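Biologist: Please give me a close look at one part of this model, its interior. Start with the overall layout, then work outward from there.

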Amino acid sequence: MAPKVLALHYLLTLTITLIHSFSSAESHSFATKSSRALRLKEEKITHLHFYMHDVFGGPKATAIPVTKVLDNNTFYGGLYMADDPLTLGPRRDSKPVGNGRGTYAFPSPKDFVLEMNYNLGFTHGDYNGSSLCLLGRIAPTSIVNEMAIVGGTGVFRFASGYAVAKRVVLDFKAQLVVREFNVYVSHY
């Protein structure tokens, strides 16, 4: 008697599983919504303060051209790959806190502006191994520029916010630009 009950139970379970799998095969979608609240943790606002050192020429360049500039007045067509050190102070020998790695491009034949796409990778303290994605427009002739924080990793998952970059050094002889960054990040 027990084998018949087990066989019936097995057959019933198999039938229900097959019916469910065939009926739900078409109901799968690209995205699913969850009723569980994403923001179970309290939102945090973090203020980061550091300096980015961009050396755009010479033997110790941290930014190198990837494409040839088409217009010497606007640098139109110029694309640069960068690995700029981030430090606590404005001097290059200040304590390092990470690197700004990414690209910047001069996308306009009319305006002297650049578009930045940087990942700010941190190597210091509580933020070691975390990163922020910075995206925005910089007018090199402006002293202060603002860019968006559009994401992050590690401590900064689900990050959003903004960065204010203030140019504190512009030295054409040394081919150096130093920007002071104040970054305000919302994260969980």
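Modeller: First, a term. Helices (H or I, at least four residues) and strands (E, at least two) are DSSP runs, numbered from the N terminus. By that rule the chain has one helix and nine strands. Keep in mind that this is a predicted model. Read along the sequence, the pattern is α-β-β-β-β-β-β-β-β-β.

Some totals set the scene. The chain has 188 residues, and 34% of them are buried. Take the contacts with a separation of 6 or more: residues 24 or more positions apart account for 47% of them. The accessible surface of the chain comes to about 12400 Å². Carbon and sulfur atoms hold 60% of that surface.

Now the interior. The largest nonpolar core has 28 residues. Those with the most contacts inside it are F50, Y104, L132, L134, F181 and V183. Eight elements are listed as giving two or more residues each: β1 (44-55), β3 (79-87), β4 (96-105), β5 (114-122), β6 (131-138), β7 (144-153), β8 (160-171) and β9 (176-187). The largest share, five residues, comes from β5.

Look at F50 closely. Leave out residues up to four places away in sequence. F50 then touches L86, T87, V97, L120, F122, R179, E180, F181 and V183. Two of these partners, F181 and V183, are also among the core residues with the most contacts.

T46 lies in β1 too. What is the relative accessibility of T46, and is T46 buried or exposed? The value is 9%, so T46 counts as buried. The cut-off for buried is under 20% relative accessible area. The side chain of T46 makes a polar contact of 2.6 Å with the side chain of H187. Leaving aside neighbours within four places in sequence, T46 is in contact with Y127, F156, V183, Y184, V185 and H187. V183 therefore appears in the contacts of both F50 and T46, by the criterion of heavy atoms within 4.5 Å.

Next, the strand pairing. β3 and β4 pair in the antiparallel sense over nine bridges. Within that pairing, P85 has N99 in β4 as its bridge partner. β4 and β5 are also antiparallel, paired over eight bridges. Here G98 has F122 in β5 as its bridge partner. F122 is one of the residues that F50 touches. In a regular strand the side chains alternate between the two faces of the sheet.

Charged pairs come next. A search of the whole structure finds two salt bridges. One joins D83 and R101, with the closest N and O atoms 2.8 Å apart. This pair links distant parts of the chain: D83 sits in β3, R101 in β4, and they are 18 residues apart. D83 has 33% relative accessibility, so D83 counts as partly exposed. R101 is at 45% and is therefore partly exposed as well. The other salt bridge joins D93 and R91, with the closest N and O atoms 3.1 Å apart. D93 is exposed, because its relative accessible area is 57%. R91 counts as exposed at 57% relative accessibility.

Now the loops. G77 lies between β2 (63-65) and β3. At 25% relative accessibility, G77 counts as partly exposed. G77 and F106 are 29 residues apart along the chain, yet their C-alpha atoms are separated by 5.7 Å. Beyond residues up to four places away, G77 touches T67, K68, L70 and F106.

Two other loop residues deserve a look at their backbone. Most residues other than glycine have a negative phi. F158 is not a glycine, but has a positive phi of about 65 degrees. F158 is found in the loop between β7 and β8. With 54% relative accessibility, F158 counts as exposed. Q175 also has a positive phi, about 55 degrees, and is not a glycine. Q175 is found in the loop between β8 and β9. Its relative accessible area is 28%, so Q175 is partly exposed.

To return to the interior: the core has 28 residues, and β5 gives five of them. In β1, F50 touches F181 and V183, while T46 makes its polar contact with H187.

How values were computed: Residues numbered from 1 in each chain as written. Predicted model: local features only at pLDDT ≥ 70, side-chain atom pairs only at ≥ 80, totals over all residues. Heavy atoms only, no water. Core = buried A, V, L, I, M, F, W, Y, C linked by side-chain atoms within 4.5 Å. Buried < 20%, exposed > 50% of the residue type's maximum accessible area, 1.4 Å probe, protein only. Polar contact = N/O pair within 3.5 Å; in protein donor to acceptor, adjacent residues only side chain to side chain. Areas by Shrake-Rupley, 256 points an atom, 1.4 Å probe, with all protein chains shown as cover. Pairing = 2+ DSSP bridges. Salt bridge = Lys/Arg side-chain N within 4 Å of Asp/Glu carboxyl O.
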